[in-house]
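Welcome! Take a moment to turn the model around on your screen, and then let us walk through it together.

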Amino acid sequence: MGTRRSVYGFDKKFLHKNGLIIDLVLSACFVAFLAFWGQRFAVMFFGMITVAFILLRRIDYQKHVILKRIILTGFGVVAVSFVIIEALVFTQLGANDPEEADYVIILGSGIRGTELSLTLKQRLDASLNYIRSHPQTPVIVSGGQGPGESIPEALAMKNYLIEQGINPAQVIMEDRSTSTQENLAFSKKIILESGLEHPEIMIVTSDYHMFRSKYIAAKNGYAAEYGISAPSPGYLKPVNMIREYFATIKTFI
């Protein structure tokens, strides 16, 4: 019995020691990621998982039965809500509505200096066929100027469309917005100023972002919301889908 207890004691100490090593490795990785990439969503999400792992590992669930049930219930709620929201997001991944719209609204997605991000370029490219086949439909490029951006996103977007042969007179800039809500709210103000009270719009954004964009557009009182989903890089899809889960929860609330 003494030998068995000593073995079990050794195992417990061994696991505890390894747990501390994992804590240190995860914490070091988070600090390194934060220094290299800054406060991006993927980095902060990794940090949140690290903190949760460190805290949850230290709880004695045999003593704290009620806490265990609360944590399990919380995980269950998150899992169910994640499946539901991701299912809604998936319904719009391949959106390519053929309807006629009063305005096209292309949502911004960041630039570096004056260069388009890959995501933003994909959104603009996805809009070209529709814009070219509807030369009389005004196009609103929506995006303000954020950290690391030398010019407003809207200006970079307009310049790119002009380079692709789009008539400059067809493109209208909304260059104050910093979120999807502002993209669609500020764009509607521009449309209302033109005299059109109940516009039908064609939203162009990334596939993972389309469901939430249409939902926000409906909340802003557009008469109809159609969409053209731009493909997004496969290697960024998991992070984008997880980020969209949290963003959709925030939008619903």
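Helices and strands here are DSSP runs, with at least four residues for a helix and at least two for a strand, numbered from the N terminus. By that count, this predicted model holds eight helices and seven strands. The radius of gyration is 24 Å, well over the 18 Å that the globule rule gives for 253 residues, so the chain is more spread out than a compact globule. Its C-alpha atoms fill a box of roughly 85 × 35 × 25 Å along the principal axes.

How confident is the predictor? The average pLDDT of the chain is 89, and 93% of the residues score at least 70. Over residues 1–10, however, pLDDT stays under 50, and the model shows zero contacts there beyond four places in sequence.

Now for the interior. Buried residues make up 39% of the 253 in the chain. The largest nonpolar core has 24 residues, and Leu124 is among those with the most contacts inside it. These elements each supply at least two residues of this core:

| Element | Residues |
|---|---|
| Strand E1 | 103–107 |
| Strand E4 | 139–142 |
| Helix H5 | 153–163 |
| Strand E6 | 200–206 |
| Strand E7 | 224–230 |

Helix H4 also supplies at least two. Another core, of 13 residues, lies apart from it and includes Ala95 and Tyr222.

Helix H4 deserves a closer look. At 1.5 Å a residue, its 16 residues (118–133) should span 22 Å, and the end C-alpha atoms are 24 Å apart, which agrees. H4 bends by about 35° at Ser127, and Ser127 is one of its buried residues, as is Leu124. Beyond four places in sequence, Leu124 touches Ile106, Leu116, Met157, Tyr160 and Leu161.

Definitions and conventions: Residues numbered from 1 in each chain as written. Predicted model: local features only at pLDDT ≥ 70, side-chain atom pairs only at ≥ 80, totals over all residues. Heavy atoms only, no water. Expected span 1.5 Å × (residues − 1). Bend = angle between axes of the 7 residues up to and from the residue. Buried < 20%, exposed > 50% of the residue type's maximum accessible area, 1.4 Å probe, protein only. pLDDT = per-residue confidence, 0-100. Contact = heavy atoms within 4.5 Å. Core = buried A, V, L, I, M, F, W, Y, C linked by side-chain atoms within 4.5 Å. Rg over C-alpha atoms; globule rule 2.2 N^0.38 Å.
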